[in-house]
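Trainee: I would like to learn how to read the packing of helices, the order of strands in a sheet and the lining of a cavity. Could we take these topics one after another?

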Amino acid sequence: MEQTKTIAQAARGLHGTVAIPGDKSISHRSVMFSALGSTPVHITNFLHAQDCLSTAACMQALGAAVMFESDTELTVCGHGLHGLQEPSSIIDAGNSGTTLRLMMGILAPQPFLTTFTGDASLHKRPMGRVIKPLTQMGAKIYGRAQNTKLPITVVPAGRRLSGMVYESPVASAQVKSAILLAGMYADAPTTVVEPFTSRDHTERMLEAFGVHTVKEGTAVTIRPVESFTAPEAIEVPGDISSAAYWLVAGAIVPGSSLLLKNVGVNPTRTGILDVLRAMGAHIALQNERVSGGEAAADIRVETSALHGTSFGAEIMPRLIDEIPVIAVAALFAEGDTVITGAGELRVKETDRLQAIADEFNKLAPGSVEAGADSLVIHGGTKVQHASCFSYDDHRMAMSLAILGTAGAGVTLERPECVNISYPAFYRTLQDLQQ
């Protein structure tokens, strides 16, 4: 495994067309939901990355047939909504919080025991925000640190879960999804009310499987479900979280022009487009279309003169994963950028607020100040070459690589973590400089 990688400054800009890998959130759900159906589902543009492969392995362990035809194409067939089987050993969720949290929602109503483990990073991440509401529905879930951390065991509840109205203290698609998925098996309707609307991939894919949800403001309700009607095929759009690195690179690397193909532009995910446009980025959507209930488009981005901006909690659910690379854009903008309401970043794969401050300040001393839930980025700070640590966090590694590409280069320690979501990232970055 490569211990360091040196990224050079892009002397002639970035040029070309990028085929964006499949959306991670939708890839997870396509496999999970297909495994709850009883007819084969052909999935294309699946994200062949460690997190999504963890989900595929989990569904196989629970009795579903998962057959890969290529890295990005597979067929999944389950045994119906009540056809999951008790796994023969402990299930490993790897680095994937999405896998673990959504699977707890699916497994809480099942009549068998499941025990989860994961990697060192996932063992540190808080699961209480999902376990608490599921327990209120009658689920029996036990874990380390007062039922908040891995390893976690889900045991049979002994009765149907109870439908409920849950006022979520956080806007989280993973929390919402876990409750809605458990609600499919409940004895009455289940409603999740969020402070702000989080991404809605679960609701959209449930519709594709014939399950209707009702949305009123920031509330979503699901009724007990008897069966899934699986579609014959699901085409996964490109992941806007992966496109984010090229959106920022295209805007800040001098002399750049990029066309990003097949990017998912679900309105609950496009906060980065809003922020970059507010900063003055030249971004144009082309060939807009809808596939499987998900909006997609090709996106053109060109070098732009950016200026600082401010945004906070209300938009955070629409761009939480993009904050590290948005901070890169802010570093190359004129003036300060102020980000608030981002406390969620302290419990991601690493404490991303602190990691951004520590690593960016190596490359641009004095450029970033981190608060309890905030970042202040001083644009226009002089950038130098430095050696930076990835924290084994894929989003930190890719953001630092883009910073180095736009700046004076960077040497990344532990660069291989990009395989979590974007195995082709470094090769694509090199190709765009040819």
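**Reading helices, sheets and a cavity**

Mentor: Let us begin with a pair of helices in this predicted model: α3 and α5 are roughly parallel to each other, because angles under 35 degrees count as such, and the angle at which helix α3 (residues 97-107) and helix α5 (residues 128-136) pack is about 10 degrees, with 10 Å between their axes.

Trainee: Which residues of α3 and of α5 make the contact?

Mentor: On the α3 side they are R101, M104 and G105, and on the α5 side V130, I131 and L134. Sorted by class, this contact of α3 with α5 comprises four nonpolar residues, one polar and one charged.

Trainee: How do the strands of a sheet pair, and in what senses can they do so?

Mentor: In general, strands of a sheet pair through backbone hydrogen bonds, and the pairing is either parallel or antiparallel. Here, one open sheet is formed by four strands in the order β6-β7-β9-β8, with mixed pairing. Its edge strands, each of which pairs on one side only, are β6 (91-92) and β8 (140-143).

Trainee: How many bridges join β8 to β9, and do these strands run parallel or antiparallel?

Mentor: Strand β8 and strand β9 (residues 149-155) run antiparallel and are joined by four bridges; within this pairing, G143 stands opposite I152 of β9.

Trainee: In what order do the strands of the sheet that contains β18 lie?

Mentor: That open sheet has four strands in the order β18-β19-β21-β20, and its pairing is mixed. The edge strands are β18 (310-311) and β20 (368-370), each pairing on one side only. Between β18 and strand β19 (residues 336-339) there are two bridges in the parallel sense, and I339 in β19 is the bridge partner of F311.

Trainee: Which helix packs on this sheet, and which strands does that helix touch?

Mentor: Helix α11 (residues 323-331) packs there, touching β18, β19 and β21 (375-378), and the direction of α11 makes about 30 degrees with that of β21.

Trainee: Turning to internal space, how many cavities of 30 Å³ or more does the structure hold?

Mentor: The structure holds one cavity of 30 Å³ or more, and the largest cavity contains about 40 Å³ of space.

Trainee: Which residues line the largest cavity, and how are they divided by class?

Mentor: The lining is made up of D23, I26, H201, P237, I240, G264, V265, N266, R269, E294 and A295. By class, five of the lining residues are nonpolar, three are polar and three are charged.

Key. Residues numbered from 1 in each chain as written. Predicted model: local features only at pLDDT ≥ 70, side-chain atom pairs only at ≥ 80, totals over all residues. Heavy atoms only, no water. 1 Å grid on protein atoms, 1.4 Å probe; cavity = no way out; pocket = protein on both sides within 12 Å on 5 of 7 lines; lining within 4 Å. Points joined across faces, edges and corners; volume = space filled by probe spheres on them. Nonpolar A, V, L, I, M, F, W, Y, C, P; charged D, E, K, R; others polar. Pairing = 2+ DSSP bridges. Contact = heavy atoms within 4.5 Å. Axes fitted to C-alpha atoms, helices over the stretch in contact; angles between N-to-C directions. Parallel < 35°, antiparallel > 145°, perpendicular 65-115°, else oblique.
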